[in-house]
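Student: I have a model open and would like to learn how to read its features one at a time. Can we start with the spaces inside the protein?

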Amino acid sequence: MTNYSTHNSSNKTVGFWQKYQFYWLLIAAIIIRQIPFVALPFNWLESYFHEISHGVAALITGGNIIRIQLFANGAGLCTTQGGFSFLISFLGYAGASFWGWGIYRLAQAHQRVAQFFSGAILLLLLCSVIFWSRDLLTWVILGCLITIFVLTIKVQQLRYLQVVMQFLGISILLNSLFSPFYLLDGRHVGDGATLASMTFIPEIIWVAIWCLIALFALYALAPKNASSLK
């Protein structure tokens, strides 16, 4: 009787975690974002996916990636040649949101999918080191990100890998929600200013669009009804 009660209590604990997992991970990401130094790798992660999104947009529209740079403060720069300039500029912040949403959703789908996708991101990071980075600081930051994904692949329990990947997805989304606000510094530089000069639509509108995309992605991941929380 005692063993049954212990087993039943354990099931209830697991069920409670799974029921509210999205919200626990979101709260954890919000807290970690406030901790200096601890938050840095997650800022670098969002910055990387921001810059690689610029690069992917260039590649799919006939351009090339010349160089990717990452900086210690979480900023980054992707230098491209050719391609569709509007899409390249727009897909930085929007792309980071898509990566965050995709990482969470794919990790949620199945444990093996989480493992495979973690390996795919690791391969993308290695390609970035070999083909597109040119300076020591970028190599160091990419090395830190590679270490994160190597450690995720080495996780023995695949259910824990799922949780880690989902946490990384939410962290990327959370940073992509707030990072566009740094454009509103009065200097009129960056993706928002570039799009404003192309379209004559004010920079603040582009910032609002990118923030709404991130919010919508978070909303899309959140459980919507009682049946999804079972």
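Student: Which residues line the largest cavity?

Tutor: A cavity is a space where a probe fits but cannot get out. In this predicted model, the largest cavity is lined by Ala29, Ile32, Arg33, Ala39, Phe42, Phe167, Ser171, Leu174 and Asn175. H2 and H7 are the elements that give two or more residues to that lining. H7 supplies the largest share, four residues.

Student: What volume does the largest cavity have, and how many cavities of 30 Å³ or more does the structure hold?

Tutor: The volume of the largest cavity is about 60 Å³. The structure holds one cavity of 30 Å³ or more.

Student: Ser171 is in that lining. Where is Ser171 placed, and is Ser171 buried or exposed?

Tutor: Burial is read from relative accessible area, with under 20% counting as buried. Ser171 sits in helix H7, residues 158–178. Its relative accessibility is 5%, so Ser171 counts as buried. Leaving aside residues up to four places away in sequence, Ser171 touches Ala29 and Phe42. Both Ala29 and Phe42 are also in the cavity lining.

Student: Ala29 belongs to H2 by its number. Which residues of H2 are buried?

Tutor: The buried residues of H2 are Gln21, Phe22, Leu25, Leu26 and Ala29. Seen down the axis of H2, these buried residues fall within an arc of 130 degrees, so they line one face of the helix.

Student: How does the length of H2 compare with the expected span?

Tutor: H2 covers residues 21–33, which is 13 residues. From its first C-alpha to its last, H2 reaches 18 Å, close to the 18 Å expected at 1.5 Å a residue.

Student: Now an open space. What is the volume of the largest pocket, and which residues lie nearest its centre?

Tutor: A pocket, unlike a cavity, is an open set of points. The largest pocket has a volume of about 830 Å³. Its lining has 30 residues, of which Gly74, Ala75, Gly76, Tyr93 and Ser179 lie nearest the centre. Helix H3 (40–60), strand E2 (76–81), H4 and helix H8 (191–199) are the elements that give two or more residues to the lining. The largest share, six residues, comes from H3.

Student: Tyr93 is an aromatic residue. How many aromatic pairs are found in the whole structure?

Tutor: A search of the whole structure finds 13 aromatic pairs. One of them joins Phe86 and Phe90, and this pair is stacked, with 6.1 Å centre to centre and 5 degrees between the planes. Phe86 and Phe90 are four residues apart in helix H4 (residues 85–109), so about one helical turn separates them. Phe86, at 26% relative accessibility, counts as partly exposed. Phe90 is buried, with a relative accessible area of 17%.

Student: And how are the rings of Tyr93 and Trp210 arranged?

Tutor: The ring centres of Tyr93 and Trp210 lie 4.8 Å apart and their planes are at 40 degrees, so the pair is tilted. This pair links distant parts of the chain, with Tyr93 in helix H4 and Trp210 in helix H9 (residues 203–221), 117 residues apart. Both Tyr93 and Trp210 are buried. One aromatic cluster is formed by Phe84, Phe86, Phe90, Tyr93, Trp206 and Trp210.

Student: I would also like to look at H3 through a single residue. What is the relative accessible area of Ala58, and what does Ala58 touch?

Tutor: Ala58 lies in helix H3 and is buried, with a relative accessible area of 0%. Not counting residues up to four places away in sequence, Ala58 touches Gly63, Asn64, Thr80, Gly83 and Ile88. The C-alpha atoms of Ala58 and Gly82 are separated by 6.9 Å, while the two residues are 24 residues apart along the chain.

Student: Finally, how many helices and strands are there in the protein, and in what pattern?

Tutor: The protein has nine helices and two strands. Along the sequence the pattern reads α-α-α-β-β-α-α-α-α-α-α. Of the 230 residues, 40% are buried. Among contacts between residues at least 6 apart in sequence, 71% join residues at least 24 apart.

Conventions: Residues are numbered from 1 along each chain as its sequence is written. This is a predicted model: local features need pLDDT of at least 70, side-chain atom pairs count only at pLDDT 80 or more; totals for chains, interfaces and linings use all residues. Side-chain values use heavy atoms; hydrogens and water are left out. The expected span of a helix is 1.5 Å times one less than its number of residues. Buried means under 20% relative accessible area, exposed over 50%, partly exposed in between (1.4 Å probe, protein chains only). The arc is that of the directions from the helix axis to the C-beta atoms. Contact means heavy atoms within 4.5 Å. Rings of Phe, Tyr and Trp (its six-membered ring) pair if their centres lie within 6.5 Å; planes under 30 degrees apart count as stacked, over 60 as edge-to-face and the rest as tilted. On a 1 Å grid over the protein atoms alone, a cavity is a set of points where a 1.4 Å probe fits but cannot get out, and a pocket is an open set with protein on both sides within 12 Å along at least five of seven lines; lining residues have an atom within 4 Å of a point. Grid points are joined across faces, edges and corners, and a volume is the space filled by probe spheres set on the points.
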